[in-house]
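User: Please take a close look at one part of this structure and explain, step by step, how its pieces fit together. I am a first-year student, so a connected account would be welcome.

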Amino acid sequence: MNGELRNGSASVPQPRPFGMGWGRAFLLRHRLGLSARIVLFALALAIAPLLLFGLSTLTETEAELKSAVNERVLATARGLMDRIRLVVEPTRTALVLLRDAVDDPRVPPDGKLAMLEGSLRGLPAVRALRVSVAGQSPIFLFERSFKASLDHLRPDLETLLASVEPPASGASPWQVRTSAPLRIEALDRWLLPLHIQFRAPLNERRASLLAYLDVTDLIRQLGREGFDHPGGVWVLDETGAPVFPSRSEPGTGPPLLVGDMPDLQSSGPGTLLATPFEGADGTSMLGAFAVLDFPPWVLLVGAPERQAYGLAQRVREHLLWWLVLSACVGLVGALILSRRVGRPIREMAVVAERVGGGDLGARVGHVSRDDEIGLLGERLDWMIGELEQGHRQLDMLAHQDPLTGLPNRRSVLQYLQRVLPELDGETDSVAVFFLDLDRFKRVNDSLGHGVGDELLRLAARRLSEKLGEDEWAARLAGDEFLVIRRGAADREAISRVAMRLIGAFSAPFYLADVELQLGSSIGIAVAPCNGIEVTELITNADMAMYRAKELGRGQYHFFDAELKTCAVRKLRLDVRLRRAFERGELEVYYQPQVDIDSHRILAAEALLRWPDGEGRFVASPGEFIPLAEETGLILPLGDWVMEAVCAQISAWLLRGAPPVTVSVNVSSLQFRRSDYVGRVCSALDRSALNARHLGLELTESLLLDDVDLAIGRMEQLKEMGVQLMIDDFGTGYSSLAYLRRFPLDYLKVAQEFVAGIETNRHDAMIVGAVIALSKSLGLNIIAEGVETAGQLAYLSERRCDLIQGYYFARPLRADDFVALLERGPIQTPAFPVRLGA
């Protein structure tokens with residue numbers, strides 16, 4: 001944007017070097033720096049609150065430690081319980097399957113005995129089987145290797161094995177039951193009897209089967225686990241008596257009295273419980289009890305409570321010592337830190353507060369320290385000095401335009417706010433000249449912002465050179481300048497000042513090897529008669545400047561009440577126009593374009609109207625169309641007109657009306673849109689209309705803004721079949737070189753030339769020349785604004801193709817137009833035409 005502050009336009013202040021001697025540099029490099037000392041003190045001080053926090057949460061910490069110990073004990077019990085199940089459960093299952101196989105009545109007695117002998121090979125942990133038949137001696141079947149190792153003990157072994165009786169109570173006799181384990185001391189082996197009752201009799205007598213499961217390895221595992229655990233592991237029966245010791249020392253009993261075991265059987269098999277209990281010797285113990293479903297044992301994993309919870313007690317003792325030590329270290333560190341660091345930092349904080357309050361002269365002064373705090377004090381003084389210098393620069397930039405060097409908008413507002421209240425009656429006045437450069441935007445867009453910025457500097461310099469006494473200039477924004485004159489005598493004197501300012505830009509500017517002709521337009525407002533408020537006065541001068549541009553640029557115009565009335569009306573009209581568009585109150589009219597020979601309607605121009613519902617119009621198109629272009633409403637409005645026209649033509653064709661081509665006026669804002677061709681195509685597709693029935697009227701200025709872009713768009717539309725024409729040909733910057741490049745179908749002769757055919761020889765010659773030019777280029781010609789028979793005769797002699805104007809018809813509503821179209825040739829008093837001609 002023109003006039004913005006460029007990077008590098010103001011120098012960035014660089015820090016000035018500090019004089020640091022070799023001694024200070026050496027100290028800072030080799031001594032323990034302040035940062036390290038502050039870290040050490042901060043760590044010491046941080047220990048105290050951390051320990052206090054730990055003390056406050058000691059109970060929770062102890063609970064968590066005890067919970068962790070309990071979980072460990074329970075995990076041990078759970079693991080041992082799984083080991084017992086892994087040893088016993090497969091044999092239990094196998095015995096049930098063996099019993100069912102033997103019970104099969106199809107198996108003869110000898111086959112049953114052979115089946116039992118063979119089953120020992122499928123039960124690797126079973127060392128012997130005993131078959132008991134009522135009224136008979138038991139039959140013993142031994143595993144081969146076990147039998148070989150016990151030959152010399154066989155009589156005694158059979159007596160020992162025969163002494164085992166099934167339990168008197170417990171599970172159903174058809175299920176597997178256990179008895180107390182047997183120990184064969186000669187072989188250091190433990191055998192667990194497993195009982196099961198046959199359902200079918202053997203030799204017509206009740207019989208049972210007893211398997212001796214070798215659990216020696218299980219007992220050894222329990223013994224090893226007992227040595228690994230801080231306490232011990234015991235296997236108890238339902239009464240709390242040990243089934244067999246878990247340690248290698250024989251005779252080692254559980255650490256609790258038999259009657260003190262908690263009631264676990266009511267909880268059901270699989271229960272795990274961690275609970276404290278009192279040992280047989282009065283020691284407080286922590287135990288994990290696990291209830292097995294088979295065998296019906298209770299597994300106890302125990303440890304002395306002091307040994308299990310020793311970590312929590314040690315944490316409590318150490319915490320107290322750390323608390324005392326941290327408090328002492330923190331107190332000493334705080335005193336040292338306060339003296340060495342706190343006092344100079346407080347002094348610098350006072351200086352910073354004074355600077356924050358606006359006292360940029362405050363300084364820390366000399367700080368006799370060779371560490372970071374001394375360096376911080378010096379740096380703070382330097383920063384305050386740079387801030388003071390920067391404040392002066394900002395104050396200058398706040399009141400001066402960096403591009404031109406003139407006072408800026410803020411400065412001129414402050415000046416007017418100071419001057420206007422000082423006006424003394426009608427004899428004292430202030431004239432405000434609102435100056436805008438003509439054609440600056442085109443230069444800026446075509447040659448670039450760099451050239452535009454340089455052009456603004458030259459314009460500001462010329463303006464400053466033309467200022468008289470008691471005159472003051474400022475740049476508002478872009479290419480807008482403001483000149484203030486104090487003590488303006490009268491209107492004539494103010495006009496002379498305006499002409500002098502306009503003359504400042506009459507000579508061309510030379511930039512980038514290009515001669516540039518700008519010019520300026522000026523709006524004038526005088527205080528106090530045109531306003532006493534600053535904003536009101538500048539706004540009034542701005543409105544007068546736009547009026548000067550409308551009158552032809554390079555002029556000046558005084559503000560008057562009518563300008564404000566027009567501005568207010570324009571604002572209200574904009575609001576009403578938007579509301580009317582939203583409510584669908586706008587309407588498309590159609591003005592016929594008649595063939596000059598047959599007087600038949602071959603085409604029409606779509607014209608937008610704003611009816612008030614009572615036969616009149618709210619505003620003329622010449623008033624609300626430019627307003628729509630200025631506010632951007634022309635974009636949605638133009639899309640709606642295109643859709644409405646395409647739909648209306650399609651409806652007429654479906655009705656059977658003669659085909660016509662209807663042309664639509666295109667705004668430059670619409671044509672510049674990148675998707676304009678797509679929007680036209682979409683409107684045609686939605687109405688299913690052939691593109692040859694649609695025409696687009698383009699102005700010369702629109703096409704010459706960007707010739708290459710215009711030709712590209714026109715060629716796309718031409719390929720679709722859309723009819724293209726230049727509206728008001730001859731009123732713009734006509735160029736024959738460009739005209740032959742445009743893919744056109746029609747030229748429309750401007751109405752102002754047609755109106756002067758009978759009264760102005762030059763206008764008639766221009767019209768004739770345009771018709772001849774179009775014929776030579778192979779283009780059709782439309783004459784616009786034909787109202788008299790003399791005009792029609794002149795155009796007919798020169799073979800103009802189509803006539804548009806009040807001579808044949810005014811713009812009509814859609815229904816009236818189609819009725820006239822279907823009626824055939826138009827009859828006029830000047831040219832009566834016979835039907836069929």
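**A helix, a barrel and a buried glutamate**

Analyst: The buried residues of helix H26 are covered by elements that include helix H24 (751–754), helix H25 (761–776), strand E25 (780–784) and strand E26 (802–804). The model examined here is a predicted one. H26 itself spans residues 789–797, and its buried residues are Gln791, Leu792, Tyr794 and Leu795. Because these four cover an arc of only 160° around the axis, they lie on the same side of H26. After the helix comes Arg799, which has a positive phi near 60°.

Two of the covering elements, E25 and E26, lead to the next level of organisation. They belong to a closed barrel of 8 strands, which runs E19-E20-E21-E22-E23-E24-E25-E26 with mixed pairing. On average, neighbouring strands of this sheet are turned by 30° against each other, direction ignored.

Which strand of the barrel holds Glu605? The residue is found in E20, which covers residues 601–609. Is Glu605 buried or exposed? Its relative accessibility is 2%, and buried means under 20%, so Glu605 counts as buried.

The surroundings of Glu605 can be followed along the barrel. Setting aside residues up to four places away in sequence, Glu605 touches Tyr589, Tyr590, Gln591, Gln593, Ser663, Asn665, Glu697, Lys748, Glu784 and Gln804. With one of these residues, Asn665, there is also a polar contact between side chains, at 2.9 Å.

Asn665 in turn links this description to the pairing of strands. Strand E21 (residues 661–665) and strand E22 (residues 694–699) pair in the parallel sense over 4 bridges. The bridge partner of Asn665 in E22 is Glu697, a residue that Glu605 also touches.

For contrast in pairing, one may turn to a hairpin elsewhere in the chain. There, strand E13 pairs with strand E14 (residues 480–486) in the antiparallel sense over 6 bridges, and Ala474 stands opposite Leu482 in E14. The hairpin has 2 residues between its strands, and Gly478 takes a positive phi near 55°. Strand E13 covers residues 471–477; 5 of its 7 residues are buried, so the strand is largely enclosed by the rest of the structure.

To return to the part under study: Glu605 is a buried residue of strand E20, its side chain makes a polar contact with that of Asn665, and E20 is a member of the closed barrel. Strands E25 and E26 are among the elements that cover the buried residues of H26.

Terms used
Residues numbered from 1 in each chain as written. Predicted model: local features only at pLDDT ≥ 70, side-chain atom pairs only at ≥ 80, totals over all residues. Heavy atoms only, no water. Buried < 20%, exposed > 50% of the residue type's maximum accessible area, 1.4 Å probe, protein only. Polar contact = N/O pair within 3.5 Å; in protein donor to acceptor, adjacent residues only side chain to side chain. Contact = heavy atoms within 4.5 Å. Pairing = 2+ DSSP bridges. Axes fitted to C-alpha atoms, helices over the stretch in contact; angles between N-to-C directions. Arc of directions from axis to C-beta.
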